[in-house]
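Let's walk through this one together, a piece at a time. Have the sequence and the coordinates open as you read.

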Amino acid sequence: MAAPPKDGKLAQWFHRRGWQDMIIGIPYLWLILFFLFPFCIVVAMSVATRTPTAPPFGFGGENPIINLAGYARLFHDTLYIRAFLTSIVNAAGATLLCLVVGYPMALGLTRVSKGSRNILLMLVILPFWTSFLLRVYAWMGLMAKNSWFNGLLTDAYNFLTPAAWAVKSIPMMHTNFAVVVVMLYTYLPFMILPLYANLERLDRTLDEAAMDLGSKPAQVFRDITLPQSIPGIIAGGLLVFIPAAGELVIPTLVGDASSPMIGRVISDEFTAASDWPMASSVAVALLLLMVGPMMVYTHYQSKAEGKAAEEQK
Amino acid sequence: MAQEDLPFIRIEAVSKSFGTFQAVKDVNLTIRKGEIFALLGGSGCGKTTLLRMLAGFEDPTAGTIFIDGQDMTGVPPWERPVHMMFQSYALFPHMSVEKNVAYGLKHENMTAEARKTRVREMLDLVQLTEFAHRKPHQISGGQRQRVALARALARQPKLLLLDEPLAALDKKLREHTQFELMSIQERTGVTFIVVTHDQEEAMTLADRIAVMDRGQVKQVGAPTEVYENPASRFVAGFIGSITAFPATVAQLSGDTATVAVPAFDTTVTARAVPGLVEGQSVTLAIRPEKLTINAVKPDLGNAVAGEIKDLAYFGKDSLYRVLLPKGDLIQAHAVNARRTAEARPDWYEKVWLSFEPASAILLTE
Amino acid sequence: MNRRPTFLITMLCFGFAFFYIPILSMMVYSFNASRLATVWGGFSTKWYVSLFSNRQVGEALWLSLRIALLSATCATILGTMAGIVLARFRRFKGRVVFSGLVTAPLIMPEVITGISSLMGFILMAQWIGWPASRGFTTVTLAHITFSMVFVTTIVQSRMLQADRAIEEAAMDLGSRPWQVMFDVTLPVISPAILSGWLLAFTISLDDVVITSFTTGPGSTTLPLLIWSKVKLGVTPDINALATLTVLIVGICVAIAGVMMNRAEKRRERDAQLAYRANE
């Protein structure tokens, strides 16, 4: 960045470049200090050696400078592979369910009258403003063994199946099914909102043109609406998948402890096992796994940005 | 006054590139004090880029701009004695009309009282005194345009730049505003540079016009000069409509040239331009309104036979497309001075087109 | 042709039932007299009484609010700066790294942000002796960092929509770039800044994971308190707390809705005014 000019006119410098350097520099430095630096520590830690000291790691000295044992364990110990698989399956399931439930809702929102649309949109966002933790908690109440909701489902199940298969209650808590349902519940707005934003911008006369040319509503949806909403589907899908894959709160509260998701593994390694290097190795692996979806996300983000900038012109 | 004829703004060999794209190529222009100067051209011709370089938002890649004798190189927009009226008007949405007009004055060393007076004067000038406390979104488009004008004039700039000043107004308002702009310019004496893509706007507003194409200035001159004596086919075609044919100079005598026009299947006479030699290939161009349509062959002057192929009746006048002997089409324009239909040529009628030698334009380019 | 989209409306109804039945159920059960949180045992308000008499809850709430206010304010200042930088300064050294640094926290799993912040703070304390202990300061710092990028996103997209010409107009009228920022840019994007602040505030108030890693003994925020309770299972007083939260948020959102509605009406009136001024 520019140095003050030699003529020593400090005010002049500030007017020309200084203020610019300042508003670039302050957030830049902040992010380097509190985001980039800690992140580099994670990467460095992933090749450190665990020691019984405080803090529990060592570099060099009697320890190897680069210790890849953590990464090796990722492949040897099936715990980690299973955790990764569970995470991907759960996150993908939640994303798919969000799409199946959210798409018709988003499309429905574009079809209701303007007045009720604003209220309904507010109702979609409202749960988002209430505590995430409490929304997860609400489902704990519903899924518990002796709750009215579980009772209802149990009755329905017993009514539909032979008496020999009757159960006292459906085991929902502490299963991966519960994780997916709660993820669906908590992440659904992230799917609906970008989809709605996308669908709302579509030109309705295109639908009418297609109908005019002989397409039935279902065909109009398949040929016109769906292809145009792919950017919205991708945005919504990534907004659900990325946080879901690294989720910690939901699997801890309603998940199956015997097949944990990767977020919980990282947390447990770090706090319970106090194994910083191993936690960091898993973290780095998780990030590498997410690089793909992240690149897709940033690609679309920058494309949208470029579009906005162009429309600007 | 002789002083007014001195170049007030000099644009010397100015070029501007954005990456590999050359938006403005080696433009030289001088603009006199107190005139309305129009930069006319299609979109992407570089006229807006030139305007933005005058305002200081873009730096020329090469060349120099002088305003009132001062080299503008490296002078930031906020230090230039130049103000701009933006195409979108760019009114500050969070400030009232009054505050918008007063905004530039806060950098002026003047008392609060003087500032108030100036704002009132400006609002009087554009007849918006009663709307002083409204916000921009509470007034109409035409009023917004006037606020933008008052705001730009409040600091008494040496030069006012107007970017498509009338583009956002509807047709009726546009004509009215045109005259208003001219009268305000006369009263304030500020030099105006107007960027526009609308040739009529440029012709009525400006004292002089620069026609631009692909970054270059094609011709500079008074509206009549540019219209009647276009320097090139581009200028001739851009301003008004014109039909052009290839021709060869057959004979030169004094200021009259006899040219053979294959499309006409005859020779015609036209006013010679300097530097013409016999046997030279030229372009003969003629504007529709310079042609007269006759039922019989006129005795004197240039006459070309043809057949009416198409006609468009506009009420006060009509436009004809006439098929020439070799299959070319020429446009002719006629005022419908009489009410009866018999007076007007009809479809497929054989006619004779005639024009004065001085009306045809010979282009050597 | 205007056939009613029956299927879509049905899906909307099911969707909203899905959204609100769990919350309503939780609210109803907050008035449950039974100790067994999921079995109805008659009406009672005793859980509200026990909630209000719980000093721990009050202290945690107060700490959460203090952290949220401070971190949202700092995050808004930093995030607005970064948003302006990304939207307006097209070319500067390190722009690529900068935009990466602004995007990464958005997609970084919270657990990783949590452990990296904690390790960062521990190592900083070891090397330069600051921050000496973990608690209010470290939680606030971590919250500022990961909520500022949300503000940046909002501000940046608002800036890209805004008409650049009004900034140029101010410059043209004699204002230096930094004056333009205060006179024009910031007032014009102020709604985006406000929603950025609100988002940062809620994110901070709501955060469990990052807080749980960066906090220290004695600094328990409200989400951490709830977290430690619900990890053990469903408890009735959390139902009461949740009900109050939903009611407070609902009222705030309703007020905001009414205010937005009024602003809309005012805009319509202004448009009419402008139309009449035309004549």
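Start with a small landmark: β9(B) and β10(B) form a hairpin with 2 residues between them, and in its turn B:Arg214 has a positive phi of about 45°. Strand β9 covers residues 208-213 of chain B and strand β10 covers residues 216-221, and the two run antiparallel, joined by 5 bridges. If you want to check the register, B:Ile209 has B:Gly221 in β10(B) as its bridge partner. A word on terms: two strands pair if DSSP finds at least two bridges between them, while helices (H or I, at least four residues) and strands (E, at least two) are DSSP runs numbered from the N terminus.

Before going further, keep in mind that this is a predicted model, where local features need pLDDT of at least 70, side-chain atom pairs count only at pLDDT 80 or more, and totals for chains, interfaces and linings use all residues. Residues are numbered from 1 along each chain as its sequence is written, and chains are lettered from A and ligands numbered from 1 in the order in which they are written.

Staying in chain B, look for an open sheet of 5 strands with antiparallel pairing, in the order β15-β19-β16-β17-β18. Its edge strands are β15 (292-294) and β18 (329-335), each pairing on one side only. On average, neighbouring strands of this sheet are turned by 45° against each other, direction ignored. Inside the sheet, strand β16 (residues 302-313) of chain B pairs with strand β19 (residues 350-355) of chain B in the antiparallel sense over 6 bridges. There, B:Asn302 has B:Phe355 in β19(B) as its bridge partner. Strand β17 (residues 317-323) of chain B also pairs with β18(B) in the antiparallel sense, over 7 bridges, and B:Val322 is matched with B:Ile330 of β18(B). These two strands form a hairpin with 5 residues between them, in which B:Gly327 takes a positive phi near 95°.

Now for some helix packing. In general, two packed helices are described by the angle between their axes and the distance between the axes. Here the axes are lines fitted to C-alpha atoms, for helices over the stretch in contact, and angles run from 0 to 180 degrees between N-to-C directions. In chain B, helix α4 (residues 141-154) and helix α5 (residues 171-188) pack at about 15°, with their axes 12 Å apart. That makes α4(B) roughly parallel to α5(B) (under 35 degrees counts as roughly parallel, over 145 as roughly antiparallel, 65 to 115 as roughly perpendicular and the rest as oblique). B:Gly142, B:Gln145, B:Leu149 and B:Leu153 of α4(B) make the contact with B:Leu173, B:Thr177, B:Ile184 and B:Thr188 of α5(B); contact here means C-beta atoms, placed from the backbone, within 7 Å. By class, that contact has 4 nonpolar, 4 polar and no charged residues (Ala, Val, Leu, Ile, Met, Phe, Trp, Tyr, Cys and Pro count as nonpolar, Asp, Glu, Lys and Arg as charged, and the others, Gly among them, as polar).

Hop over to chain C, where helix α6 (residues 136-161) and helix α9 (residues 190-206) pack at about 155°, with their axes 9 Å apart. α6(C) and α9(C) are therefore roughly antiparallel to each other. Among the residues that meet are C:Phe150 and C:Ile154 in α6(C) and C:Gly196 and C:Leu199 in α9(C). The residues of this contact divide into 9 nonpolar, 5 polar and 1 charged.

So how do the chains meet? Of the 2 pairs of chains that touch, A and C have the most contacts: 68 residues of chain C are in contact with 70 residues of chain A. Helix α1 (residues 6-29) of chain C supplies the largest share of its side, 13 residues, and that side has 49 nonpolar, 13 polar and 6 charged residues. No contact joins chain A and chain B, whose closest C-alpha atoms lie 9 Å apart.

Finally, confidence. The predictor gives the complex an ipTM of 0.92 and a pTM of 0.87. Chain C has a mean pLDDT of 90, with 97% of its residues at 70 or more; pLDDT is the predictor's confidence in each residue, from 0 to 100. Among the elements of chain C, α12(C) has the lowest mean pLDDT (86), and helix α10 (residues 209-214) the highest (96).
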